[in-house]
Amino acid sequence: MLLISLAVIMFFSFISYFFSWKDDFADVRLPWSEYLFDQAYEARNFLGKLGAIIAHLFIYKGIGLMAFVLVYLLGKTGLEFLLQSRSQKIWNEWKWSIYIVVFLSVFLSFAFSGLEFNIGGDIG
């Protein structure tokens with residue numbers, strides 16, 4: 001259930017990030033403890049300051065749009081555990097998804113390098 005909840009939180013955080021990243025960008029780059037606990041900063045992300053930090057970490061600093069693959073994998077793994085159908089297939093899916101995520105992050109950063117928003121993330 002924890003993995004499913006985490007996947008849902010990440011999904012809404014990531015979706016909101018595409019609408020609020022310009023407003024939150026300068027503040028999220030501050031030290032996180034200062035940003036989280038100082039009332040002077042206000043997040044526009046749907047899930048607040050924590051959502052802005054999570055999305056910034058995974059999308060901007062991480063793997064870009066491919067972060068949604070991680071959301072899918074967390075949700076699917078959570079369902080596998082919840083339904084107690086522990087198959088080897090899910091671990092193979094994780095393994096191949098990691099390769100695809102890294103490749104596509106690099107590809108997206110290269111293919112769409114002229115955009116204001118780096119859709120491949122820093123890893124790309």
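Trainee: What makes the meeting of the E93 and K76 side chains a salt bridge?

Mentor: A salt bridge is a side-chain nitrogen of Lys or Arg within 4 Å of a carboxyl oxygen of Asp or Glu. For E93 and K76 the N to O distance is 2.9 Å, so the pair fits that definition. E93 lies in helix α5 and K76 in helix α4 (residues 67–82), so the bridge ties together parts that are 17 residues apart in sequence.

Trainee: What kind of model is this, and how are its residues numbered?

Mentor: This is a predicted model, in which local features need pLDDT of at least 70 and side-chain atom pairs count only at pLDDT 80 or more, while totals for chains, interfaces and linings use all residues. Residues are numbered from 1 along each chain as its sequence is written, and side-chain values use heavy atoms, with hydrogens and water left out.

Trainee: Is E93 called buried or exposed, and why?

Mentor: Buried means under 20% relative accessible area, exposed means over 50%, and partly exposed is in between, with a 1.4 Å probe and protein chains only. E93 has 18%, so it is buried. K76 has 23%, so it is partly exposed.

Trainee: How many salt bridges does the whole structure hold?

Mentor: The search finds three. One of them joins K22 and E116, whose closest N and O atoms are 3.3 Å apart. K22 is in helix α1 and E116 in the segment after α5 (89–111), so this pair ties together parts that are 94 residues apart in sequence. K22 is exposed because its relative accessibility is 53%, and E116 is exposed because its value is 61%.

Trainee: Which residue forms a salt bridge with R44?

Mentor: That is D23, with the closest N and O atoms 3.0 Å apart. The two link distant parts of the chain, 21 residues apart: R44 is in the loop between α2 (32–37) and α3 (48–63), and D23 is in helix α1. With 58%, R44 is exposed, whereas D23, with 43%, is partly exposed.

Trainee: How do you know that α1 is not straight?

Mentor: Helices are DSSP runs (H or I, at least four residues), as strands are (E, at least two), numbered from the N terminus. The expected span of a helix is 1.5 Å times one less than its number of residues. With 27 residues, a straight α1 would reach 39 Å, but its end C-alpha atoms are only 25 Å apart.

Trainee: Where is the kink in α1 centred?

Mentor: On S20, with a kink of about 85°. The bend at a residue is the angle between axes fitted to the seven residues ending there and the seven starting there. S20 is buried, because its relative accessibility is 3%. Leaving aside neighbours within four places in sequence, S20 is in contact (heavy atoms within 4.5 Å) with R44 and N45.

Trainee: And how many helices and strands does the chain have?

Mentor: Five helices and zero strands, following the pattern α-α-α-α-α along the sequence. Of the 124 residues, 40% count as buried. The C-alpha atoms fill a box of roughly 50 × 35 × 20 Å, taken along the principal axes.
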